[in-house]
Amino acid sequence: MNWSKKSVKELNNNVFQAIGDEWMLITAEKDGIVNTMTASWGAMGIMWGKTVATAYIRPQRYTKEFVDAADTFTLTFFGGEEKKAMGLLGSVSGREMPDKIEKSGLHVTKVDGQVTFEEALLVLVCKKLYVQEMKPECFLGQEEIDRWYPEKDFHFMYMAEIIDAYTPEKE
Ligand SMILES: Cc1cc2nc3c(=O)[nH]c(=O)nc-3n(C[C@H](O)[C@H](O)[C@H](O)COP(=O)(O)O)c2cc1C
C-alpha cells in the first residue's frame with residue numbers, strides 16, 4: 001500500500017460527518033501488540049497553535065491501555081465504509097477477544113511506523129499532548145451525567161497534535 005502525505009489544512013472532510021456518522025478507529029500499539037476501538041465522539045481544531053484532534057475514551061476500554069503506553073495513536077477513517085467491521089470493533093473488547101481485528105476482516109498495516117489499516121481512506125497520526133479525566137463537578141448540568149454516565153465511567157479526553165495525515169495513493 002502506498003500512501004500520500006497530506007497537510008491537514010488541505011483536507012476537506014466534514015469532521016462532524018466523518019466522526020459522528022461515518023465513525024473512526026482509535027488504534028495504538030503496545031509491546032508489539034495492536035488494539036483498536038470504534039469511536040463516534042471526538043473533536044478537531046486548533047490549540048496551542050497546533051492542529052489537534054481530541055479523542056474521548058472511557059476508562060474500561062482496553063484501547064486506553066495502548067493509548068496510554070504510546071506517545072502516538074492513529075485515527076483511521078473509512079468514509080462510511082467498513083461499518084460492519086467497526087460495529088464489531090466497537091462492541092467487543094480486545095481484552096476478551098485478542099483476535100477481534102482479524103475477525104473484523106480489516107488488515108493492520110503501518111504508515112511511517114504508525115499502525116493503521118489497509119482499508120483506510122484517511123489516517124491521522126496523533127501525538128499526545130494533554131490527557132484529562134472528565135470530572136462530575138465540572139459539568140454545568142446534571143443531564144449529561146444522568147444520560148451518559150450511570151456507571152460513573154467518565155471519559156478521559158486525549159488532546160493530540162495531528163502530526164501527519166495520509167490518504168491511499170490512487171493506482
Ligand atoms: C459507533 C460506536 C462509537 C463508539 N464511540 C466510542 C467513543 O467515542 N469512546 C469510547 O470510549 N467508546 C466508544 N465506543 C465503544 C468502544 O468502541 C467499545 O467499547 C470497544 O469494544 C472497546 O474495545 P477495546 O476494549 O478493545 O478497547 C463506541 C462504539 C461504537 C459501536
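These legends go with several close-up views of the predicted model. Local features are described where pLDDT is at least 70, side-chain atom pairs count only at pLDDT 80 or more, and totals for chains, interfaces and linings use all residues. Residues are numbered from 1 along each chain, following the sequence as written.

**View 1. The shell around the ligand.** Here we're looking at 20 residues that surround the ligand, where a residue is near if its C-beta atom, placed from the backbone, lies within 6 Å of it. Tyr62, Thr63, Gly90, Ser93 and Gly94 are the closest. β3 (33–39), β5 (50–57) and α2 (62–69) each bring in at least two shell residues, and β3 gives the largest share, with four residues. Helices (H or I, at least four residues) and strands (E, at least two) are DSSP runs, numbered from the N terminus. Sorted by class, the shell holds eight nonpolar, nine polar and three charged residues. For that tally, Ala, Val, Leu, Ile, Met, Phe, Trp, Tyr, Cys and Pro are nonpolar, Asp, Glu, Lys and Arg are charged, and the others, Gly among them, are polar.

**View 2. Two loop residues with positive phi.** Trp23 sits in the loop between α1 (15–21) and β2 (24–30), and its phi is positive, about 70°, although it isn't a glycine. Trp23 counts as buried because it has 22 C-beta neighbours inside 10 Å. Asp31, in the loop between β2 and β3, is another non-glycine with a positive phi, about 50°. Asp31 has just 6 other C-beta atoms within 10 Å, so it is exposed. The cut-offs are 20 or more other C-beta atoms within 10 Å for buried, 12 or fewer for exposed, and partly exposed in between, with C-beta atoms placed from the backbone.

**View 3. β5 and its two partners.** Strand β4 (residues 42–47) pairs with β5 in the antiparallel sense over six bridges; pairing takes at least two DSSP bridges between the strands. Met44 has Ala53 of β5 as its bridge partner. The two strands make a hairpin with two residues between them, and Trp48 in the turn has a positive phi of about 50°. β5 also runs antiparallel to strand β10 (residues 156–168), joined by six bridges, with Val52 partnered by Glu161 in β10.

**View 4. The buried face of α2.** Thr63, Lys64, Phe66 and Val67 are the buried residues to pick out in α2. Down the helix axis they fall within an arc of 160°, so they line one face of the helix; the arc is taken from the directions from the helix axis to the C-beta atoms. These buried residues pack against β2, β3, β5, β6 (72–77) and β10, with contact meaning C-beta atoms, placed from the backbone, within 7 Å.

**View 5. Ile26 in the nonpolar core.** The largest nonpolar core has 35 residues, and Met24 and Ile26 touch the most other members. Such a core is a set of buried Ala, Val, Leu, Ile, Met, Phe, Trp, Tyr and Cys residues joined through C-beta atoms within 7 Å. Beyond four places in sequence, the contacts of Ile26 include Ala55, Ile57, Val67, Phe73 and Leu75.

**View 6. β6 between two strands.** Five of the six residues of β6 are buried, so the strand is largely enclosed by the rest of the structure. Four bridges tie β6 to β2, running antiparallel, and Thr27 has Thr74 of β6 as its bridge partner. Six bridges join β6 to strand β9 (residues 122–133), also antiparallel, where Phe73 stands opposite Cys126.

Terms used: Contact = placed C-beta atoms within 7 Å.
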